[in-house]
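Please look over the fold shown here, strand by strand and helix by helix. Then turn to the spaces left between the atoms.

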Amino acid sequence: MRMVIVAGTPGSGKTSVLIHALKSLKSRGLKSSVVKIDCLYTDDDRKFERIGVPTLVGLSMDMCPDHYAIYNIDDMIKWADANESDFLIIETAGLCHRCAPYTKNCLGVCVIDATSGPNTPLKVGPFLSTADIAVVTKGDMISQAEREIFRERILEVNPSAKIIEANGLSGQGCVELADEMIESHEVSLENEELRHSAPLAVCTLCVGETRVNKRHHRGILRRIDGFQSYEGE
């Protein structure tokens, strides 16, 4: 089975692009299962189910969505196997710009909104810099010159990324994304690893501390001047 992990900022068009790509896979007789990971709420599962794709929803609630996805990936693969799927597609929440959801052998897809500003690719982290494919959406809403600048910014961050310009409304570029999914490698969880370390989630705030004074906090802490240290036993 092939595994595709789709990340990106909120509102970038991840679900819309995926729906068109999934329709293309389905038209070729390939079966997919989708896991939609969000923080508090989603109804995107209904959109996937309307095109006949089995969908599992995972809400991370107070847990970092990346940590939640990594912890549950074994169960996701078993679920997709039980569906006899050719593809497991995991769409992540896009909670922060530090997301690092990709495993070494998955197809890592970053969906990024061209209207978010020319420097956005420089502001985001591993979900773009370690992606195999950067899908640029809403490019029709900016000028050709702005599109070229945006493209160059992506290549500054990730020189090896394949850039696909896509439209979540018309489906333009989504067949090309489906082609890349088909060409991706099969995944075995046994020796699978992350491409990049996940965001830190190991401080007293992570386990429910609400007091703001610095003296109450332990764990891996990072000061405003950039100094990072471990406080505690």
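The report below takes up strands, the first helix, backbone angles, and then empty space.

The model is predicted. Every value that follows is computed from it.

**Strands and their pairing**

Start with E1, which covers residues 2–8. This strand is mostly covered: 6 of its 7 residues are buried. Which strands pair with E1? One is E4, in the parallel sense, over 5 bridges. Another is E5, residues 107–113, again parallel and over 5 bridges. Individual residues fix the register. Met3 has Leu88 as its bridge partner in E4. Ile5 stands opposite Gly108 in E5.

A further parallel pair is formed by E6 and E7. E6 runs over residues 133–137, E7 over residues 162–166, and 5 bridges join them. Here Ile133 stands opposite Lys162 in E7. The chain gets from E6 to E7 by way of helix H6, residues 144–157, and this β-α-β crossover is right-handed.

The table lists the parallel pairs.

| Pair | Sense | Bridges |
|---|---|---|
| E1 and E4 | parallel | 5 |
| E1 and E5 | parallel | 5 |
| E6 and E7 | parallel | 5 |

Ala134 belongs to strand E6. Is Ala134 buried or exposed? Its relative accessibility is 0%, so Ala134 counts as buried. The C-alpha atom of Ala134 lies 9.9 Å from that of Val6, although 128 residues separate the two along the chain.

**Helix H1**

H1 has 14 residues, 14–27. How far apart are its end C-alpha atoms? They are 20 Å apart, and at 1.5 Å a residue the expected span is also 20 Å, so the two agree. Nine names make up the buried set of H1: Lys14, Thr15, Val17, Leu18, Ile19, Ala21, Leu22, Ser24 and Leu25.

Ser27 is also in H1. With a relative accessible area of 62%, Ser27 is exposed, because the cut-off for that class is over 50%. Its C-alpha atom and that of Ile220 are separated by 49 Å, with their positions 193 residues apart along the chain. After H1 comes Gly29, which has a positive phi near 80 degrees.

**Positive phi outside glycine**

Most residues other than glycine have a negative phi. Which residues go against this here? Glu84 and Lys138 are two such residues. Glu84 is not a glycine, yet its phi is positive, about 55 degrees. Glu84 sits in the loop between helix H3 (65–82) and strand E4 (87–91). Its relative accessible area is 66%, so Glu84 is exposed.

Lys138 has a positive phi too, near 65 degrees. Lys138 lies in the loop between E6 and H6. Lys138 is partly exposed, because its relative accessible area is 29%.

**Empty space: the cavity**

Rolling a probe the size of a water molecule over the atoms shows where empty space is left. How many cavities of 30 Å³ or more does the structure hold? There is 1. The largest cavity has a volume of about 60 Å³. Its lining consists of Ala114, Val136, Ile142, Arg147, Phe150, Arg151, Ile154, Ile163 and Glu165. H6 and E7 are the elements that give two or more residues to this lining. H6 gives the most, with 4 residues. By class, the lining of the largest cavity holds 6 nonpolar residues, no polar ones and 3 charged ones.

**Empty space: the pocket**

Now the open space. The largest pocket contains about 230 Å³. Around the largest pocket stand Lys214, Arg215, His217, Arg218, Leu221, Arg222, Arg223, Ser229 and Glu231. Which strands each supply at least two residues of this lining? They are E8 (219–222) and E9 (228–231). What classes of residue line the largest pocket? The division is 1 nonpolar, 2 polar and 6 charged.

**In short**

E1 pairs in the parallel sense with E4 and with E5. E6 and E7 form a parallel pair, and the crossover between them through H6 is right-handed. H6 also gives 4 residues to the lining of the largest cavity. E8 and E9 contribute to the lining of the largest pocket.

Note on methods. Residues numbered from 1 in each chain as written. Predicted model: local features only at pLDDT ≥ 70, side-chain atom pairs only at ≥ 80, totals over all residues. Heavy atoms only, no water. 1 Å grid on protein atoms, 1.4 Å probe; cavity = no way out; pocket = protein on both sides within 12 Å on 5 of 7 lines; lining within 4 Å. Points joined across faces, edges and corners; volume = space filled by probe spheres on them. Nonpolar A, V, L, I, M, F, W, Y, C, P; charged D, E, K, R; others polar. Expected span 1.5 Å × (residues − 1). Buried < 20%, exposed > 50% of the residue type's maximum accessible area, 1.4 Å probe, protein only. Pairing = 2+ DSSP bridges. Right-handed = clockwise from strand over helix to strand, strands pointing away.
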